[in-house]
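Below is a short note to read alongside the structure. Please keep the model open and find each residue as it comes up.

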Amino acid sequence: MKNFIVDHSLKELTEHRTVVLPIACYETTINQNINGYIPLHWHDEFQFVLVVKGAAIFQINEEKMTVREGEGLFINSGRLHMAKDNNDSGCIYICLNISPSFMLSQELYTTFINPYIQATNIPYLRLDPKEIWAANILDSIRQINLLIKQHPPYYEIDISVHLTLVWKNLIINGVQLEYEQTEMVKSHRMKQMLNWIHLHYDEKILLDDIARSGQLSRSECCRYFKRTLNKTPLNYVTEYRIRKSLILLQQSDSNVTGVAFQVGFNSTSYFIDKFRKLINMTPLAYKKYKNNRSIVK
């Protein structure tokens, strides 16, 4: 997948399902994404990742980790996450997204699924192939990927069997579940602030506005962004505006000045300067580059 759509709260809107199953399994080459990386987002589905080439730096909530070829991750439902290629390794990973309600039967959901969704100490789990339980999960990801590609008879049942084994292996890891109200509040407030920015990015935005949307002081708002994204709230606004401009610049009738004002910049020169620093080329050069690639295709 080279791009995906998120709503104003960063919730991914990609429909994670095949025709008959509420799952999606696809291979992602990180640097082919329109942004050059996988931007911050979240979704209700569980996500299992298996790196098949290179290495990636994943961030889940506030934590960053490097995941190398043969290793993987479980990313819990509702957690903010993003991914970047590590040292231009050409990272490719299999991404398996599953509706939590499909992991096990409805009768088992309350006992074995919901407690893990609600647990505040499991935003993710590393899948190290040296651990038997993790190696079993990684093998099931490979098998599910093949089943979806090949569609052998009764493959839907085989996938369901693999998902049951995946979840059994995950919970026999033995992590003690914890529930901290403060962590739930932090996550909710961060999503509130991001949601507000994504609704108003094309308007004049002040730090006070962002802090107010998360019911925080200015200083606490800055601490939230520093902890989660390692940048200031207003720097995030600038980068988000530039990301929104990438799609607009690919439209044949767009021009740099019009795009700059459309995404919330009140100065074309300031837009060009910030764009060059983030994308390593000017907006006009980016537009020409994308137009030339589309002509070649």
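How many aromatic pairs does the count come to? The points below begin there and then move to the whole chain and to single residues.

1. **Aromatic pairs.** The model discussed here is a predicted one. In it, the count comes to 13 aromatic pairs. One of them joins Phe46 and Trp167: the ring centres are 4.8 Å apart and the planes stand at 20°, so this pair is stacked, the cut-off for stacking being under 30 degrees. Phe46 belongs to strand β3 (residues 46–53) and Trp167 to helix α5 (residues 155–171), so the pair ties together parts that lie 121 residues apart in sequence.

2. **Surroundings of that pair.** Are Phe46 and Trp167 buried or exposed? Phe46 has a relative accessibility of 0% and counts as buried. Trp167 is buried too, with a relative accessible area of 1%. Both residues belong to a cluster linked by ring pairs, which also takes in Phe48, Phe74 and Tyr116.

3. **Overall fold and dimensions.** The chain has twelve helices and nine strands. For 297 residues, a compact globule would be expected to have a radius of gyration near 19 Å; the chain has 21 Å, which agrees. Along the principal axes, the C-alpha atoms fill a box of roughly 55 × 50 × 35 Å.

4. **Burial and contacts.** Of the 297 residues, 48% count as buried. Among contacts with a separation of 6 or more, 70% are between residues 24 or more positions apart. The pair in point 1, whose parts are 121 residues apart in sequence, shows one link between separate parts of the chain.

5. **Surface and charge.** The accessible surface comes to about 15,000 Å², and carbon and sulfur atoms account for 51% of that surface. There are 34 positive and 29 negative side chains in the chain. The centres of these two sets lie 8 Å apart.

6. **Thr120.** This residue sits in the loop between α3 (114–118) and β9 (124–127). Is Thr120 buried or exposed? Its relative accessible area is 19%, and the cut-off for buried is under 20%, so Thr120 is buried. Leaving aside neighbours within four places in sequence, Thr120 is in contact with Arg79, Glu178, Tyr179, Glu180, Glu183 and Met184. From Thr120 to Asn76 the C-alpha separation is 9.9 Å, with their positions 44 residues apart along the chain.

7. **Gly264.** Here again the place is a loop, between α10 (256–262) and α11. Gly264 has a relative accessible area of 19% and is buried. Apart from neighbours within four places in sequence, Gly264 is in contact with Tyr201, Asp202 and Arg241. Glu180, listed in point 6 as a contact of Thr120, is 38 Å from Gly264, C-alpha to C-alpha, and the two are 84 residues apart in sequence.

8. **Two helix residues.** Ala135 is in helix α4 (residues 132–150) and counts as partly exposed at 26% relative accessibility. With neighbours within four places set aside, Ala135 is in contact with Asp128 and Pro129. Gly70 is 65 residues from Ala135 in sequence and 9.4 Å from Ala135 in space, C-alpha to C-alpha. Tyr155 lies in helix α5, the helix that also holds Trp167. At 10% relative accessibility, Tyr155 counts as buried. Tyr155 and Ile144 are eleven residues apart in sequence, and their C-alpha atoms are 8.8 Å apart.

9. **Positive phi angles.** Which residue in the loop between α8 (218–229) and α9 (233–249) should be checked for its phi? That residue is Asn230, which has a positive phi of about 55° although it is not a glycine. Asn230 counts as partly exposed, at 46% relative accessibility. Asn280 also has a positive phi, near 70°, and is likewise a residue other than glycine. The place of Asn280 is the loop between α11 (268–279) and α12 (283–296). At 67% relative accessibility, Asn280 counts as exposed.

Conventions: Residues are numbered from 1 along each chain as its sequence is written. This is a predicted model: local features need pLDDT of at least 70, side-chain atom pairs count only at pLDDT 80 or more; totals for chains, interfaces and linings use all residues. Side-chain values use heavy atoms; hydrogens and water are left out. Helices (H or I, at least four residues) and strands (E, at least two) are DSSP runs, numbered from the N terminus. The radius of gyration is taken over C-alpha atoms; the globule rule is 2.2 Å times the number of residues to the power 0.38. Buried means under 20% relative accessible area, exposed over 50%, partly exposed in between (1.4 Å probe, protein chains only). Contact means heavy atoms within 4.5 Å. Accessible areas come from the Shrake-Rupley method with a 1.4 Å probe; for residues, only the protein chains shown count as cover. Lys and Arg count as positive and Asp and Glu as negative; His and the chain ends are not counted. The place of a charge is taken as NZ of Lys, CZ of Arg, CG of Asp or CD of Glu. Rings of Phe, Tyr and Trp (its six-membered ring) pair if their centres lie within 6.5 Å; planes under 30 degrees apart count as stacked, over 60 as edge-to-face and the rest as tilted.
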